[in-house]
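Work through the exercises below with the sequence and the coordinates open beside you, and try each task before reading its solution.

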Amino acid sequence: MQLQLEYSVEKPLNREPPMRELVESFITTADTAYDRNHGPLPHIDATTFRLHIDGNVARSAQLSIESLRKDYQQHTVIAALQCAGNRRHTMRTKVKEVDGIDWNDGAVCNCTWRGPLLADVLVRLGLTIKTDVGHVHFNCSQTDVQDDSYYGSSIPLERCLDKTKKIILALDMNDEPLNVNHGFPIRVVMPGIAGARWTKWLDRILVKKCESNNFYMQRDYKILPPCVTSKAQALEYWPKIPAIQGLPINSVVAYPEPGTAHVAGENGELEVCGYALPQADDGPVVKVEVSSDKGATWDEAEIVYPAKEELATPEGQEMYKWGWVIWKYKMPKPQVSKITRDTKIWSRAKDLGGNMQDGTVPWNFRGVAYNAYGETENLKVMGVERMPNGIGGLKL
Ligand SMILES: Nc1nc2c(c(=O)[nH]1)N[C@H]1C(S)=C(S)[C@@H](COP(=O)(O)O)O[C@H]1N2
Ligand SMILES: [Mo]
């Protein structure tokens, strides 16, 4: 039977949710989570599907989904999945035009992922290669993609064998089998690594000496130096620049959204809310600050998810290491009253590893890994004020 496909190589599904919806909960539902594809979505029959594992392994294997569920211990991890192009829109509009999909701040989600540890599967098959020379490739050859005949990524073997890095052959997302959009029946989940490496509809794992030669490893998802300003110039640089693995610390202001009118609370406070992400393995985020005077003063925001008490313990810090935090800041009335159309509200995050978000970051041609301060601007605040007779009324 022919594989059923949705969307196409010419028009793949790429979408991000509205920001308010995204920051509504700590765990992003599969429906809210953004979609990023370089080709069509394959509808795979999980009962006949096999995951092929070969290359430098003592015994190659073809594993069924049933075996991956039953024959291996299942592990769960909370991890943010983020496209390296998240926030590209800000780089192209605030700094300089870039080449790539015009993502706003929503190409990220935070979910639980469950399945066997890649390390357990590889150890059972036995390796015939030293960990310090190997790379593990993650391929999906179900469909053509825009710039190659298959989708592929790779990361160093050493990381794959380190059980503390929790690389999972995920079968479940948020306690349910993955849906088609997010890789059913299996995708690799690599906490602390950019989304581009989390191959969906994973059908082949290869243990090799070298990195994957796939287009998306070698000629995309790299931070080119600022001197590269065209595709032609990039050609010379692709082989010289490392493939993106971890992403930098980040935070954004989800609302109030730019250019809209907003009602401050009963007591004249304005609720500001966003998410913050740690750098690579340096999480969780431990502090978020907000400024409305272009960085002259910063006030600490409240991290509302996960709970403060949890983040304060070593167990909590381990559990939320690769997750995002949702933060809120109630801007007091005197500060709100100073907001004009020229005001910018900024956010900046700090993680457990001590990384701190900066105000400006170097431009790069593909607009990847953008992480300057979160920002909202062009606000019009409508305040609810107590009328002398005690009845609340809208005052512009
Ligand atoms: N097979 C396959 N896997 C893939 C991709 C793809 O196009 N094909 N896109 C990658 C990129 S660039 C990102 S950011 C994430 C997006 O995952 P999501 O669609 O589940 O949000 O999947 C990655 N895995
Ligand atoms: Mo991506």
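The exercises that follow concern a predicted model and deal with its ligand site, its annotated domains and some of its backbone geometry.

**Exercise 1. Determine how many residues surround ligand 1, which of them are closest, and how the shell divides by class.**

Solution. Begin by collecting every residue with a heavy atom within 4 Å of the ligand; this gives 18 residues around ligand 1, and the closest are Tyr34, His38, His182, Arg187 and Lys200. Then sort the shell by class, which yields 9 nonpolar, 5 polar and 4 charged residues.

**Exercise 2. Identify polar atoms of the protein that lie at short range from oxygen or nitrogen atoms of ligand 1, and establish how much of the ligand the protein covers.**

Solution. Take the pairs of N or O atoms within 3.5 Å, and start with the oxygen atoms of the ligand: one such pair has a polar side-chain atom of His38 at 2.8 Å from an oxygen atom of ligand 1, and another has an N or O atom in the side chain of Arg187 at 2.8 Å from a ligand oxygen. Turning to nitrogen, a polar backbone atom of Trp198 lies 3.1 Å from a nitrogen atom of ligand 1. Next, consider the accessible area of ligand 1 on its own, which is 530 Å², and of which the protein covers 99%. As a last step, examine the cavities computed for the protein, where the largest cavity proves to be the space taken by ligand 1.

**Exercise 3. Locate the two domains annotated by UniProt and describe the secondary structure of each span.**

Solution. An unreviewed UniProt entry assigns "domain: Oxidoreductase molybdopterin-binding" to residues 38-216; in the model this span is 16% helix and 32% strand, and its end C-alpha atoms lie 10 Å apart. The unreviewed entry also gives "domain: Moybdenum cofactor oxidoreductase dimerisation" for residues 243-373, a span with 11% helix and 34% strand, whose end C-alpha atoms are 24 Å apart.

**Exercise 4. Examine the backbone at Pro284, Pro306 and Tyr221, and place each residue in its loop.**

Solution. First check omega: the peptide bond from Gly283 to Pro284 is cis, with omega near 0°, and Pro284 belongs to the loop between β16 (270-277) and β17 (285-291). The bond from Tyr305 to Pro306 is likewise cis, with omega near -10°, and Pro306 sits in the loop that joins β19 (302-305) and α8 (308-311). Then check phi: Tyr221, a residue other than glycine, has a positive value near 50°, and its place is in the loop between α6 (215-218) and α7 (231-237).

Terms used: Residues are numbered from 1 along each chain as its sequence is written. Chains are lettered from A and ligands numbered from 1 in the order in which they are written. This is a predicted model: local features need pLDDT of at least 70, side-chain atom pairs count only at pLDDT 80 or more; totals for chains, interfaces and linings use all residues. Side-chain values use heavy atoms; hydrogens and water are left out. A polar contact is a pair of N or O atoms within 3.5 Å; within protein, one must be able to donate a hydrogen and the other to accept it, and residues adjacent in sequence count only if both atoms are side-chain atoms. Accessible areas come from the Shrake-Rupley method with a 1.4 Å probe; for residues, only the protein chains shown count as cover. On a 1 Å grid over the protein atoms alone, a cavity is a set of points where a 1.4 Å probe fits but cannot get out, and a pocket is an open set with protein on both sides within 12 Å along at least five of seven lines; lining residues have an atom within 4 Å of a point. A molecule sits in a cavity or pocket if more than half of its atoms lie within 2 Å of its grid points. Ala, Val, Leu, Ile, Met, Phe, Trp, Tyr, Cys and Pro count as nonpolar, Asp, Glu, Lys and Arg as charged, and the others, Gly among them, as polar. UniProt positions are given in the numbering used here, feature names are shortened, and annotations may be inferred rather than shown by experiment. Helices (H or I, at least four residues) and strands (E, at least two) are DSSP runs, numbered from the N terminus.
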